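Reader: Hi! I'm new to reading structures, and I'd love a close look at just one part of this one. Could you walk me through the second chain and how it meets its partner?

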Amino acid sequence: MARWAAAIPSWTPVAVADAINMTDNGHHTIQGGSGTQRGELREVYLGGLAGASSPTIMVLGRNSTVGATLTAGRLAALDPSSAALAAPPTSYGASTTKPQRSATLGMLLHLGLNAFGGIVRWYMGPDQVISYLGNTASLGELSLNAFTGGTPGLLGSNIVFETL
Amino acid sequence: MKRSLSHGAGYLVVDHRDSPGISPADVAHVPGAIPVPGGELLERDAIVCAHCQKIVVLEPGRVRARAHCPKCDAYICDACEAARVAAGGACVPFKAVLDHAAEIAEKHSGDPEHPALTALEDPTTLQTDAAPAPRVIVP
């Protein structure tokens, strides 16, 4: 299937503990497009945009509470000939019901960076993927957000995913 | 053809060449976090734990044996290795857990309130269900 990019060009992570509501516009989350949709993350990129030193302890993980009534962000196909998805996953940073990072599955990958000039990029190998399934807890959402501690700073994020 | 266990690994890049970076003190409270001080570029192979999908950043200087599941022939994280040994070598790849979860999700897709769907909230339950039944060999 085609690969899609979900980018949020400028946002400031808000640090939250596990199983606590995330803050609107303080996280970047991908939610599956239907109850049975399966997909894989292929790449995660974070580029720091802060104007002063900001150690930002970012983590990628699963959510034990999924968001509802989402304010959907942009999705862009990496290939111009890709057909539109019937049920596209949703990239979002704001919702009425707030997502919560899972206490057990919430830390699949650490992506700590200093948002003052730092860049972090994780790129998957062919069989090295993080999957999502459906759009319910705990397999249906993957989020990028800040772990407690540090002083999160302005950054831009990009998640490349592929639906199966 | 897979040439080695780390063949086809992904990679992690943390570029702090033009940044104050992150000191060990900044991430001392985060288990598994990698400090990359200012002026440094970190590039590492990264593999996915075949049993839980956590990312394992390969430390080239590691001297201990890296955890490996001989049944699915893949690297696994240290936590899953401890669980594997404790369970007598049981291998439950995360792909099997996902297949099992997909089966449940598709079976009850018309009834979002079905109690069976609560199993999806806790993949450790699915892991137990997806485990192959123990084989008893009678000589």
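In what order do the elements of chain B run from the N terminus on?

Author: Sure, let's take chain B from the start, keeping in mind that this is a predicted model. Going along from the N terminus, the elements of chain B run β-β-β-β-β-α-α-α. Put as a tally, that's 5 strands and 3 helices. Chain B has 139 residues, and buried ones make up 30% of them. You can also ask how far apart along the chain the touching residues sit. If you take the contacts in chain B with a separation of 6 or more, 43% of them link residues that are 24 or more positions apart.

Now zoom in on one loop of chain B, the stretch between strand S2 (41-48) and strand S3 (55-57), where you'll find B:Gln53. B:Gln53 isn't a glycine, yet its phi is positive, at about 70 degrees. Is B:Gln53 buried or exposed? The cut-off for buried is 20 or more other C-beta atoms within 10 Å. B:Gln53 has 23 C-beta neighbours inside 10 Å, so it counts as buried.

It helps to set a residue of chain A beside that one. A:Ala19 is also a non-glycine residue with a positive phi, near 60 degrees. You'll find A:Ala19 in a loop of chain A, between strand S1 (3-11) and strand S2 (27-31). A:Ala19 has 14 other C-beta atoms within 10 Å, so it is partly exposed.

On to the meeting of the two chains. Here 38 residues of chain B are in contact with 39 residues of chain A. On the chain B side, the elements that give two or more residues are strand S1 (10-15), S2 and helix H2 (94-107). S1 of chain B gives the most, with 6 residues. Sort that side of chain B by class and you get 22 nonpolar, 9 polar and 7 charged residues.

S1 of chain B deserves one more look. Strand S12 of chain A (residues 119-123) is joined to S1 of chain B by 5 bridges, and the two strands run antiparallel. For a concrete pair to find on your screen, try A:Trp122, whose bridge partner in S1 of chain B is B:Leu12.

While you're looking at chain A, there's one more spot to visit. The peptide bond from A:Ala137 to A:Ser138 is cis, with omega near 0 degrees. A:Ser138 has its place in the loop between strand S13 (130-133) and strand S14 (141-146) of chain A.

Notes: Residues numbered from 1 in each chain as written. Chains lettered and ligands numbered in written order. Predicted model: local features only at pLDDT ≥ 70, side-chain atom pairs only at ≥ 80, totals over all residues. Helix = DSSP H or I, 4+ residues; strand = E, 2+ residues; numbered from the N terminus. Buried ≥ 20, exposed ≤ 12 C-beta atoms within 10 Å, placed from the backbone. Contact = placed C-beta atoms within 7 Å. Nonpolar A, V, L, I, M, F, W, Y, C, P; charged D, E, K, R; others polar. Pairing = 2+ DSSP bridges.
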